[in-house]
Amino acid sequence: MRTQLHLLLLAAAAAAAAAADLWPTHQRLAPSFINTDVARTVELSSQAYVKASYSIQSLSDVDNDVFYLTLSEEEEKVTGWIEAKVKGASGGLQVKRLGQHADSLVYVYAITLPKALPKGESLTLLIDTIESHATYPKPAFASQVDNHFRVYEADGLVLSPYETTSQRLRIKAPTPNIRSYHIPPALEALAKDEPAVKSGATVTFGPFKSQPPTATKDFDLAPYRVSVDFEMNIPALTVVSLKRTAEVSHWGANLNVQDEYVVRNDAPELKGQFSRLDFQMSQHARRMSPVIIPALSLSLPSGAHSVYYYDIVGNVSTSVFRPAPKAAGRAARLSPQNAQLDLKPRYPLMGGWNYTFTVGWDAPLGDSERWDEVNGRWVLAVPFLTPLPATPIDSAEVKIILPEGATDITVHPPFDVPLIERGHHITYLDTIGRPAFTFHAEKLTERHDGLIYITYKVPTAAHLQKPLAVAAAALIVFSVMWTLKRVDMTIKK
Amino acid sequence: MESYSQELYAKLPPFTPIIPISLLPYIALVLCSSAFLLGFYFTTIPKSLFSIHEIFVALLASVLAGFGVVALFNYFGVYV
């Protein structure tokens, strides 16, 4: 009988419970700062990398240790990663998600400053966010030899609960071929001099004149939306779902990691039929349109071996595994090399096409697990995912299977995970089954590859359960033979 | 939940199995073949109603088979 204990950790509930001091009960966002200059730079790739620099000045001596970052509903839907730090200082600042503000319907994040900012003093915060699926292809359909054009839309004015004296928005496209950019007349009127300037691959909107707080119920940002129509020359791959399973074996000193991917090509959907002839010709002439994804590349840990790659049809042989070159001692520690796995799916991925496959490998357990003598326990560290460059992961499930009889288990995920399930997993030579923890997360980016730490103890008796189970089975066979020897099966007269 | 310290983790010694992995194929061969031979010997023991000899041989063969099969599984890549 499977027993499952669901530990539901809603990020908002946990944050709200712990951040009661940051979230005033009447939900008033204390206007204790003023944005003297906000410079937002958006680097467009298959994800949008937004780097914002907020130069703030403190207006009061109370409520001056938390800076509130607000995102619109649309931005919140696409934002997968937020990190903040002070310009010139090392180390990140704590970013806590407070949820949706009841009046203005903006999503509020509380960034705790390293120390309270006294009245009159200034500080520059660098806030980086990653937006996934923030651009859309235009036209939505394209043939396999067409170019790939996308549109990025953004709010020209920054959404902030503080007054902003000066701000500008810079959008950097991946190629200098920008078909068009649009700035609405309402925003043009607010510009200090030139409203929009294109130079190379960068379009700069602004600087704009002083603005009151925009994250309020009355301010409507809709008339201030800008957009850039650009050419994309980078493959736009999305991992729709990822199921990772990591199984620990103490007898074999091995960690098996298996990833089940469902990937999709987010280029404009294929118009018409796929022509194998055109595809072969473009491959031969080395002029393949960026809407086609013919291959993927994964970086596996350096000790990986026995890699397998299969899909629903069976084993896929079009892959090359390059194990990490052996480097000993200091060289290995200074520049840890990754093993490279180049995969070619059964068919090239055209716009809108999906592909489902499974990749797995074995690695020595010594690379991922340490022995804590003081507490008598093992500490396991498994990466949450293997990052693919600039590829968003819409939903991920990571299942970590511990050895049989593991007790006193503590679990430390690298970031706030909405759901952790504890279950049972039964595999070869198991008697009572193994404890398994499943982490569910959504809207992930390549920055979410932190380590999941799990500590556990296994008593010696639990280690011996496996051989003794097999011995018991063998003993049963011997008993059957013993009994049969003593049963008389001759036919008597 | 609190996070585990990365610095703490880096200082700990890595996992080492009690039985070295390189020895597993030989252990599997020795244990499985001796379990098989003992099983064969078990079938040659003359029949009597209750024999401690039989029970002892069966137990020994089972225990050897148990450890041998675990080593065999690991050698073949099924890391149990």
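# Close-up views of a two-chain model

**View 1. Where chain B meets chain A.** In this contact region, 38 residues of chain B are in contact with 43 residues of chain A. Keep in mind, as you look around, that this is a predicted model. Together the two chains bury about 3600 Å² between them, and carbon and sulfur atoms give 71% of that area. Which three residues supply more of the area that chain B buries against chain A than any other three? They are B:Tyr4, B:Tyr9 and B:Phe15, with 23%.

**View 2. Chain B on its own.** The secondary structure here is easy to follow: chain B has three helices and zero strands, giving the pattern α-α-α along the sequence. Its C-alpha trace spans about 65 × 25 × 20 Å along the principal axes. A compact globule of 80 residues would have a radius of gyration near 12 Å, whereas chain B has 20 Å. Buried residues make up 31% of the 80 residues in this chain. The accessible surface of chain B is about 5100 Å², and 76% of it belongs to carbon and sulfur atoms. If you count the contacts in chain B between residues at least 6 apart in sequence, 51% of them join residues at least 24 apart.

**View 3. Helix H2 of chain B, end to end.** This helix covers residues 24-44 of chain B. How far apart should the ends of its 21 residues be? At 1.5 Å a residue, H2 should span 30 Å, and its end C-alpha atoms are 30 Å apart, so the expected and modelled lengths agree.

**View 4. The two sides of helix H2.** Start with the buried residues of H2(B): B:Leu24, B:Ala28, B:Leu31, B:Ala35, B:Leu38, B:Gly39 and B:Phe42. They cover an arc of only 115° around the axis, which puts them on the same side of H2(B). A little background helps here: an α-helix has 3.6 residues a turn, so residues three or four places apart point the same way. What do the buried residues of H2(B) pack against? Their partners are helix H7 (465-486) of chain A together with helix H3 (52-75) of chain B. Now look at the other side of H2(B), where B:Tyr26, B:Leu29, B:Val30, B:Phe36, B:Leu37 and B:Phe40 are exposed.

**View 5. Chain A as a whole.** Chain A has seven helices and 31 strands. Its C-alpha trace spans about 115 × 65 × 50 Å along the principal axes. Of the 493 residues in chain A, 50% are buried. The accessible surface comes to about 23400 Å², with 56% belonging to carbon and sulfur atoms. Among contacts in chain A with a separation of 6 or more, 77% are between residues 24 or more positions apart.

**View 6. The surroundings of A:Leu44.** You can find A:Leu44 in strand S2 (residues 33-44) of chain A. Is this residue buried or exposed? A:Leu44 is buried, with a relative accessible area of 5%. Setting aside neighbours within four places in sequence, A:Leu44 is in contact with A:Thr135, A:Tyr152, A:Ile171, A:Lys172, A:Ala173, A:Pro174 and A:Phe230. For a sense of distance, try A:Ser122: A:Leu44 and A:Ser122 are 78 residues apart in sequence and 30 Å apart in space, C-alpha to C-alpha.

**View 7. Two cis peptide bonds in chain A.** Most residues other than glycine have a negative phi, and most peptide bonds are trans. Here, however, a cis peptide bond joins A:Lys138 and A:Pro139, with omega about 10°. A:Pro139 sits in the loop between strand S9 (135-137) and strand S10 (141-142) of chain A. The peptide bond from A:Gly206 to A:Pro207 is also cis, with omega near -5°. Where is A:Pro207 found? Look in strand S15 (residues 202-208) of chain A.

**View 8. Two positive phi values in chain A.** A:His133 is not a glycine, yet its phi is positive, about 55°. This residue lies in the loop between strand S8 (122-132) and S9 of chain A. A:His133 is partly exposed, with a relative accessible area of 35%. A:Asp408 also has a positive phi, near 50°, in a residue other than glycine. A:Asp408 belongs to strand S28 (residues 407-412) of chain A and is exposed, with a relative accessible area of 52%.

Terms used
Residues numbered from 1 in each chain as written. Chains lettered and ligands numbered in written order. Predicted model: local features only at pLDDT ≥ 70, side-chain atom pairs only at ≥ 80, totals over all residues. Heavy atoms only, no water. Helix = DSSP H or I, 4+ residues; strand = E, 2+ residues; numbered from the N terminus. Expected span 1.5 Å × (residues − 1). Buried < 20%, exposed > 50% of the residue type's maximum accessible area, 1.4 Å probe, protein only. Arc of directions from axis to C-beta. Contact = heavy atoms within 4.5 Å. Rg over C-alpha atoms; globule rule 2.2 N^0.38 Å. Areas by Shrake-Rupley, 256 points an atom, 1.4 Å probe, with all protein chains shown as cover. Buried area = accessible area lost by both parts, 1.4 Å probe.
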